[in-house]
Amino acid sequence: MQPDVETAAGAVRERGWVVLEDVAPLSLFGRLAEALDPLLASCPTGRNPFEGRTTKRVNNLLAKGAVFQEVAANPGVLDLVEAVLGPHFQISIISAIQILPGETAQDLHTDDGLYPLPWPHPPVVLNTMWAVDDFTEANGATVLVPGSHQWPDRAFGGRTPQTVPATMARGSVLAWVGNLVHGGGANRTDRPRLGITMNYNQAWLRQQENQYLGVPMEVVQAFPERLQRLVGYDLHPPFIGNVDGRNPLKLLRRA
Ligand SMILES: O=C(O)CCC(=O)C(=O)O
């Protein structure tokens with residue numbers, strides 16, 4: 001059952017994560033799988049253990065098919081992101097992650113560890129994982145350390161993290177806060193595990209993926225306005241992101 005947005009945001013604040021069901025029709029997940037099929041076929045496996053040497057990642061998805069707009073701008077997910085991060089957030093990175101049979105568990109990490117912020121800090125990243133396949137303990141469901149976002153320091157030192165697998169059926173969406181310790185699970189089955197990670201961050205931060213160069217301007221011009229703003233064509237008050245003192249959205253429309 002779908003929790004209301006405040007209940008979901010409460011779970012994210014308290015234990016660091018929540019699984020949403022029914023945020024989009026199951027048919028969307030079929031269309032996502034179909035769009036990803038050829039992209040995955042020509043995609044190499046990862047370059048290092050963190051990317052996963054037996055894992056495929058297709059990045060920059062907003063430039064690779066209109067169907068991915070439905071992930072990035074899902075209203076139910078955006079309501080949750082706003083409840084956790086506040087009103088001024090943006091798309092940081094959107095990638096498909098396919099963990100292939102035989103992949104070992106990814107090193108545990110936090111997504112906002114990329115940013116040199118003092119610890120602890122308020123939420124600056126909310127990540128989501130769209131389950132294009134069923135996520136099971138055996139096939140590499142994302143593993144999470146509940147409550148780790150409230151640890152008093154960033155270091156794992158002295159702690160033995162107790163992980164739980166985010167098992168969920170195809171069509172579900174896992175959301176977790178950027179300072180929660182987590183990682184991709186090991187795939188001990190003979191079938192791949194496919195998910196789309198759609199990561200949002202505070203609009204005053206640098207985006208993990210360069211959306212301005214990654215998504216051609218004419219593609220962004222055809223997006224609905226909300227998505228254009230989420231890609232980064234917007235001001236964070238009072239004037240972060242301006243061009244000649246003006247909101248970049250106005251220039252995008254004129255270009
Ligand atoms: O694939 C997953 O389940 C999680 C991957 C992840 O956390 C990452 O690559 O940063």
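**Group meeting: the ligand site and a few backbone oddities**

Okay, let's start right at the ligand: a polar side-chain atom of H109 lies 2.9 Å from one of the ligand's oxygen atoms. Before I go on, keep in mind that this is a predicted model.

H109 has company. In H182, an N or O atom of the side chain is 3.0 Å from a ligand oxygen. Then there's R193, where a polar side-chain atom comes to 2.8 Å from an oxygen atom of the ligand. So how much of the ligand does the protein bury? Taken alone, the ligand exposes 290 Å², and 91% of that is buried by the protein.

Where does the ligand sit? In the largest pocket. The residues around the ligand are F50, R57, I97, I99, Q106, H109, D111, M129, T142, H182, G184 and R193. If you like to sort by chemistry, that shell splits into 4 nonpolar, 5 polar and 3 charged residues.

Now, on to a sheet. There's an open one with 3 strands, in the order β6-β5-β8, and the pairing is antiparallel. β6, residues 164-165, and β8, residues 182-183, are at the edges with a single partner strand each, so each of them has one side without a neighbour in the sheet. As a general reminder, strands in a sheet pair through backbone hydrogen bonds, parallel or antiparallel. Strand β5, residues 143-144, is joined to β8 by 2 bridges, and those two strands run antiparallel. Which residue in β8 is the bridge partner of V143? That's G183. And H182, which we met at the ligand, falls within the 182-183 range of β8.

Last bit: backbone geometry. Quick reminder for context: most peptide bonds are trans, and most residues other than glycine have a negative phi. We've got some exceptions here.

Going from W119 to P120, the peptide bond is cis, with omega near -5°. P120 is in the loop between β3, residues 89-99, and β4, residues 125-131.

There's another cis bond from P237 to P238, with omega near 0°. For P238, the place is the loop between α7 (225-231) and α8 (248-254).

And then D22: phi is near 60°, so to speak on the positive side, in a residue other than glycine. You'll find D22 in the loop between β1, residues 17-20, and α2, residues 26-41.

That's my tour, thanks.

Key. Residues numbered from 1 in each chain as written. Predicted model: local features only at pLDDT ≥ 70, side-chain atom pairs only at ≥ 80, totals over all residues. Heavy atoms only, no water. Near = heavy atom within 4 Å. Polar contact = N/O pair within 3.5 Å; in protein donor to acceptor, adjacent residues only side chain to side chain. Areas by Shrake-Rupley, 256 points an atom, 1.4 Å probe, with all protein chains shown as cover. 1 Å grid on protein atoms, 1.4 Å probe; cavity = no way out; pocket = protein on both sides within 12 Å on 5 of 7 lines; lining within 4 Å. Sits in = over half its atoms within 2 Å of the grid points. Nonpolar A, V, L, I, M, F, W, Y, C, P; charged D, E, K, R; others polar. Pairing = 2+ DSSP bridges. Helix = DSSP H or I, 4+ residues; strand = E, 2+ residues; numbered from the N terminus.
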